[in-house]
Amino acid sequence: MTFIVDTTLGKLAKWLRILGYDTVYWRADDPEGILQRARDEGRTLVTKDTKLYKGKGSLEALLIREDNPFRQLREVVRHFRIPVNKGMLFARCLACNAPLEAIDPEEAKGGVPDHIYHTHQKFSRCPSCRKVYWAGTHYGHMTRVVERLQKEPS
Ligand SMILES: [Zn+2]
């Protein structure tokens, strides 16, 4: 399942990418544009904008009601019953949505702070923006969010 998320939901877009879901974050104020892109690429529209939601036609879409990003994420997960697990974390670049590639620690050298290079073994890189990812402190936070999503009854 792939998503397109409008400008009101930047944090949610990031979280969907963290969970490994292909998510376009649409920042322009262009309702026709976002609907067209969703149709062209077969993406599910996720929005907080009632007017935009009403214009969805036959598109698959979800109108988000919550304000808190965790609750918004839970709304999406519950509504579409999409799988969530720790193995899916860090599959996608949070900045540009491209699938990450695993790289050797040697290749990460220079791209990450020295202490990170010396204390971590697993690295991934975005082929598009070259950002290097590793299982650092954010990873702990993200795995706890996944655990919360899995624990709470749907
Ligand atoms: Zn990137």
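Me: Which domains does the assignment give for the protein?

Reply: The domain assignment lists domain 1 as 3-86 and domain 2 as 98-134. This is a predicted model. Taken over C-alpha atoms, the centres of domain 1 and domain 2 are separated by 29 Å. The C-alpha atoms of the whole protein fill a box of roughly 50 × 35 × 20 Å along the principal axes.

Me: How many helices and strands are there, and in what order do the elements run?

Reply: The protein has seven helices and seven strands. Reading from the N terminus, the elements go β-α-β-α-β-α-β-α-β-α-α-β-β-α.

Me: How should I read the sheet that contains β1? What is the strand order?

Reply: Start with the order across the sheet, then look at the pairing sense. Here four strands make an open sheet in the order β2-β1-β3-β4, with parallel pairing. The edge positions belong to β2 (23-26) and β4 (61-63); each has a single partner strand, so one side of each is without a neighbour in the sheet. From one strand to the next, the twist averages 20 degrees.

Me: Which bridges hold β3 in place between its partners?

Reply: Take the two partners in turn. Strand β3 (residues 44-47) is joined to β4 by three bridges, and the two run parallel. Within that pairing, Val 46 has Leu 62 of β4 as its bridge partner. β1 and β3 also pair in the parallel sense, over three bridges. On that side, Val 5 stands opposite Val 46 in β3.

Me: Are the faces of β3 covered or open?

Reply: Check the residues that point to each side. In β3 both faces are covered. Thr 44 and Val 46 are buried on one side, and Leu 45 and Thr 47 are buried on the other.

Me: Which helices lie on this sheet, and at what angles?

Reply: For a helix on a sheet, list the strands it touches and compare directions. Helix α1 (residues 10-18) packs on the sheet and touches β1 (3-6), β2 and β3. The direction of α1 makes about 165 degrees with that of β2. Helix α2 (residues 31-41) lies across β1, β2 and β3, and runs at about 170 degrees to β1.

Me: How is a pair of packed helices described?

Reply: Two packed helices are described by the angle between their axes and by the distance between those axes. In this structure, α1 and helix α4 (residues 69-80) pack at an angle of about 55 degrees, with axes 9 Å apart. That angle makes α1 oblique to α4. The crossing of α1 past α4 is right-handed. Contributing to the contact from α1 are Lys 11, Leu 12, Trp 15 and Leu 16, and from α4 Pro 69, Gln 72, Leu 73 and Val 76.

Me: Which residues of α1 are buried, and what covers them?

Reply: Leu 12, Ala 13, Trp 15, Leu 16, Arg 17 and Ile 18 are the buried residues of α1. Their cover includes β1, β2, β3, α4 and α7 (137-151). Just after α1, Gly 20 takes a positive phi of about 95 degrees.

Me: What share of the protein is buried?

Reply: Of its 154 residues, 23% count as buried. A further overall figure concerns contacts between residues at least 6 apart in sequence: 51% of them join residues at least 24 apart.

Me: What is the order of the sheet that contains β5?

Reply: Use the reading applied to the other sheet. This open sheet has three strands in the order β5-β6-β7, and the pairing is antiparallel. β5 (101-103) and β7 (132-134) are the edge strands, each with a single partner, so one side of each has no neighbour in the sheet. The twist averages 40 degrees from one strand to the next. β5 pairs with strand β6 (residues 123-125) in the antiparallel sense over three bridges. Glu 101 has Arg 125 in β6 as its bridge partner.

Me: Is His 115 buried or exposed?

Reply: Count the C-beta atoms around the residue. A residue is exposed if 12 or fewer other C-beta atoms lie within 10 Å of its own. His 115 has 8 within 10 Å, so His 115 is exposed. His 115 is found in helix α6 (residues 114-119).

Me: How far apart are His 115 and Arg 17?

Reply: Give both the chain separation and the spatial one. His 115 and Arg 17 are 98 residues apart along the chain, and 26 Å separate their C-alpha atoms.

Key:
Residues are numbered from 1 along each chain as its sequence is written. This is a predicted model: local features need pLDDT of at least 70, side-chain atom pairs count only at pLDDT 80 or more; totals for chains, interfaces and linings use all residues. Two strands pair if DSSP finds at least two bridges between them. Axes are lines fitted to C-alpha atoms, for helices over the stretch in contact, and angles run from 0 to 180 degrees between N-to-C directions. Two residues are in contact if their C-beta atoms, placed from the backbone, lie within 7 Å. Domain bounds come from an automatic or database domain assignment. A residue is buried if 20 or more other C-beta atoms lie within 10 Å of its own, exposed if 12 or fewer, and partly exposed in between; C-beta atoms are placed from the backbone. Angles under 35 degrees count as roughly parallel, over 145 as roughly antiparallel, 65 to 115 as roughly perpendicular and the rest as oblique. A crossing is left-handed if the near helix is turned anticlockwise from the far one by less than a right angle, and right-handed if clockwise.
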